[in-house]
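Let's take a friendly walk through this protein and its ligand. Keep the structure open beside you as you read.

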Amino acid sequence: MSLHLSEAMAYLQYQLGADVDSSGRAVIDTSWSTQLQSSEHLWMLLEGTHVLTLMLFAGTILFVDLRLLGLVFRKAPVSAVADTVLPYTVAGFVIMAATGAALFFANPLEYYHNPVFRLKALFLVAASINIFIFHWRVQANRTKWDASDRPPAAARTAAGISLVLWIAVIVAGRYAAYDWFRCGQATGVVAELAQCTEFETTLVEAEQELAV
Ligand code: HEM
């Protein structure tokens, strides 16, 4: 299953949109993914938008989490703080997810086998599950504590977990750019977690399929 995913990433990276020669083989460096990665301005525009939108997304989440922890805006109901910033959080998330997906598309095989990127994806999923639990379990009786300057322990716990997980996503996002832990450098358990042997196999096979 995971080898199939690795091969799918190689297809995106080397084949999709590529020119083909007379024998039908994809011509090296012509795929859409490679073109995006080597673009003069587009990649940087996407990266810049991804990072700047972080302020909109993480900044507004910070306000809500700090209010839930009872540390800021204590006189304002939780719902007033949350509802005021929600459109900005959602807009930030949509732009971050879209630009993030596009950045991923510029180098899919490497990101897929990048252990730090995998950690980021894991933290993203965990943070999303935390939001889900908060909405369905903790917030169910919000009317009771909406105006409270110190919401109940369950709400404070969810807010604390949210802060830790989103900070972890940001730190992992920043470190994913460096090659310290990538296949080729990674050893031992890190290389295992990133499935580096599979990465090498897929890479060799993908390169053999290209027209020279
Ligand atoms: C919504 C929450 C997200 C946050 C808080 C976040 C955060 C970050 C941060 C801080 C960076 C580092 C930028 C830099 O300083 O160079 C980054 C880069 C990146 N993110 Fe995200 N991201 C998010 C969502 C996503 C998603 C959903 C994807 C993919 C589907 C993604 C893919 C990427 C990629 C590919 C990079 C470029 C890494 C590099 O420079 O090589 N991100 N992100």
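The radius of gyration of this protein is 21 Å, whereas a compact globule of 212 residues would come out near 17 Å. Its C-alpha trace spans about 70 × 35 × 25 Å along the principal axes. Remember that you are looking at a predicted model. The mean pLDDT is 96, and 100% of the residues reach 70 or more. Among the elements, helix H2 (residues 32–37) has the highest mean pLDDT, 98, and helix H1 (residues 2–15) has the lowest, 93.

What is the chain built from? The protein has 10 helices and 0 strands, so you will see α after α when you trace the elements from the N terminus.

Now turn to the ligand. The space it takes is the largest pocket. Which helices each supply at least two residues of the shell around the ligand? They are H3 (42–68), H4 (78–105), H6 (115–138) and H8 (153–175). The shell divides into 16 nonpolar, 3 polar and 3 charged residues.

Of the 22 residues around the ligand, those that come nearest are Glu 47, His 50, Tyr 111, Lys 120 and Arg 174. For three side chains, the table gives the distance from a ligand atom to an N or O atom of that side chain.

| Side chain | Ligand atom | Distance |
|---|---|---|
| Glu 47 | oxygen | 2.5 Å |
| Tyr 111 | oxygen | 2.6 Å |
| Lys 120 | nitrogen | 2.6 Å |

Try finding Glu 47 first: an N or O atom of its side chain lies 2.5 Å from a ligand oxygen.

Key
Residues are numbered from 1 along each chain as its sequence is written. This is a predicted model: local features need pLDDT of at least 70, side-chain atom pairs count only at pLDDT 80 or more; totals for chains, interfaces and linings use all residues. Side-chain values use heavy atoms; hydrogens and water are left out. A residue is near a molecule or strand if one of its heavy atoms lies within 4 Å of it. A polar contact is a pair of N or O atoms within 3.5 Å; within protein, one must be able to donate a hydrogen and the other to accept it, and residues adjacent in sequence count only if both atoms are side-chain atoms. On a 1 Å grid over the protein atoms alone, a cavity is a set of points where a 1.4 Å probe fits but cannot get out, and a pocket is an open set with protein on both sides within 12 Å along at least five of seven lines; lining residues have an atom within 4 Å of a point. A molecule sits in a cavity or pocket if more than half of its atoms lie within 2 Å of its grid points. Helices (H or I, at least four residues) and strands (E, at least two) are DSSP runs, numbered from the N terminus. Ala, Val, Leu, Ile, Met, Phe, Trp, Tyr, Cys and Pro count as nonpolar, Asp, Glu, Lys and Arg as charged, and the others, Gly among them, as polar. pLDDT is the predictor's confidence in each residue, from 0 to 100. The radius of gyration is taken over C-alpha atoms; the globule rule is 2.2 Å times the number of residues to the power 0.38.
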